[in-house]
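Open the model in your viewer and keep a selection panel at hand. The stops below can be followed in order.

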Amino acid sequence: MAQEEGGSLSKVLARVGASHGITDLAQKLHFYDRWASDYDQDVAALQYRAPNLAVDCLTQALPVPPQAALILDVACGTGLVAAELQARGFLRLHGVDGSSGMLEQARAHGLYQHLSLCTLGQEPLPSPEGGLVCLTTRTNPSNLQYKEALEATLDKLEQAKEWERLVAWPVDRWELATTKLEVVPGTSDSDDFISGIVYLYRKRQVAQVEGVRPSAQPLTGL
């Protein structure tokens, strides 16, 4: 991130730390609207690895060639996952996000054939059917409450036999920690990084593929 445009790493850490502390959905989306223009540069400064990790997991489990897969990128943000997907041969990409500012940035990148304003968990997705669902989240202390709520929702989907869990993959070097308090001792090979987790599910009796963008809040962004 350019010093003149986005500020120093300490300012990036403060901004991301502030996003982690917002629990109200409307406030969260407003924060992302204002953050959208600097988002890619900020997360690059944090060495954010979730998009790459999610696509790794999805690619390994995908039963069809990339060119044949229709990917629904939920909470797509600025399109970081789409860039990774396109680099690996995925060409049919649709995206949804709850932040209009993030969608504006995603539209400017020109990687999606279709984009929709939609917040997962608040309204039906525009394309509800899918074969594989990949979700990610942080496992650092400030995100544990959200992680527990997410896993409770996933457990209900499993119990209802709507989704089948394939992978729950812990990752140590997820992104740079915003503070030392965010690092869980023994979970990372570097004191500067927080940990995370990638989930991969199979949706039952469905035909297309869903890719859910990495997230740390109510599936609306970092």
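The tour starts with the whole chain and then moves to single elements and residues.

**The whole chain**

Bear in mind at every stop that this is a predicted model. Show the protein chain as a cartoon: the chain has 7 helices and 7 strands. Traced from the N terminus, the order of elements is α-α-α-α-β-α-β-α-β-β-α-β-β-β. Now colour by accessibility. Of the 222 residues in the protein chain, 51% are buried. Among contacts in the protein chain with a separation of 6 or more, 70% are between residues 24 or more positions apart.

**The aromatic residues of helix H3**

Select helix H3, residues 25-45, and display the aromatic side chains. Which residues form one aromatic cluster? The members are Phe-31, Tyr-32, Trp-35 and Tyr-39.

The count of aromatic pairs comes to 6. Take Tyr-32 and Tyr-39 as one of them: the ring centres are 6.4 Å apart and the planes meet at 50 degrees, so this pair is tilted. The cut-off for edge-to-face is over 60 degrees, and for stacked under 30. Next, add Trp-35. Trp-35 and Tyr-39 form an edge-to-face pair, with 4.9 Å from centre to centre and 70 degrees between the planes. In sequence, Trp-35 and Tyr-39 are 4 residues apart in helix H3, which means a separation of about one helical turn.

Are these side chains buried or exposed? Tyr-32 has 0% relative accessibility and counts as buried. Tyr-39 is also buried, at a relative accessible area of 0%, and Trp-35 is buried at 2%.

**Two further residues of H3**

Stay on H3 and select Asp-38, which has its place in this helix. Its relative accessibility is 16%, and because buried means under 20%, Asp-38 counts as buried. Add Arg-15 to the view: the side chains of Asp-38 and Arg-15 are joined by a polar contact of 3.3 Å.

Then select Arg-34, found in helix H3 as well. Arg-34 is exposed, with a relative accessible area of 55%. Draw a distance from its C-alpha atom to that of Ser-100: the two are 9.9 Å apart, although these positions lie 66 residues apart along the chain as a sequence separation.

**Where H3 meets H6**

Ser-100 leads to the next selection, helix H6, residues 100-109. H3 and H6 pack at an angle of about 35 degrees, and their axes are 6 Å apart. On the H3 side, the contact is made by Tyr-32, Asp-33, Ala-36, Ser-37, Tyr-39 and Asp-40. On the H6 side, Ser-100, Gly-101, Met-102, Gln-105 and His-109 take part. Sorted by class, the contact has 4 nonpolar, 5 polar and 2 charged residues. Tyr-32 and Tyr-39 therefore appear at two stops, as buried residues and as part of this contact.

**Asn-52 in helix H4**

Move to helix H4, residues 50-61, and select Asn-52. Asn-52 is partly exposed, with a relative accessible area of 34%. Which residues does Asn-52 touch, not counting those up to four places away in sequence? They are Glu-84 and Arg-88. Label Leu-85 too: the C-alpha atoms of Asn-52 and Leu-85 are separated by 8.7 Å, and the two residues are 33 residues apart along the chain.

**Two residues with positive phi**

Most residues other than glycine have a negative phi. Two loop residues are worth selecting against that background.

Go to Ala-75, in the loop between strand E1 (70-74) and helix H5 (80-87). Ala-75 is not a glycine, yet its phi is positive, about 60 degrees. Ala-75 is buried, with a relative accessible area of 3%.

Then select Lys-161, in the loop between helix H7 (144-159) and strand E5 (163-176). Lys-161 has a positive phi near 60 degrees and is also a residue other than glycine. Is Lys-161 buried or exposed? Lys-161 is exposed, at a relative accessible area of 60%.

**Last stop: a charge over a ring**

Finish by selecting Arg-173 and Phe-193 together. The charged end of Arg-173 sits over the ring of Phe-193, and the distance to the ring centre is 3.9 Å.

How values were computed:
Residues numbered from 1 in each chain as written. Predicted model: local features only at pLDDT ≥ 70, side-chain atom pairs only at ≥ 80, totals over all residues. Heavy atoms only, no water. Helix = DSSP H or I, 4+ residues; strand = E, 2+ residues; numbered from the N terminus. Buried < 20%, exposed > 50% of the residue type's maximum accessible area, 1.4 Å probe, protein only. Phe/Tyr/Trp six-rings, centres within 6.5 Å; stacked < 30°, edge-to-face > 60°. Lys NZ or Arg CZ within 6 Å of the ring centre and 35° of its normal. Polar contact = N/O pair within 3.5 Å; in protein donor to acceptor, adjacent residues only side chain to side chain. Axes fitted to C-alpha atoms, helices over the stretch in contact; angles between N-to-C directions. Contact = heavy atoms within 4.5 Å. Nonpolar A, V, L, I, M, F, W, Y, C, P; charged D, E, K, R; others polar.
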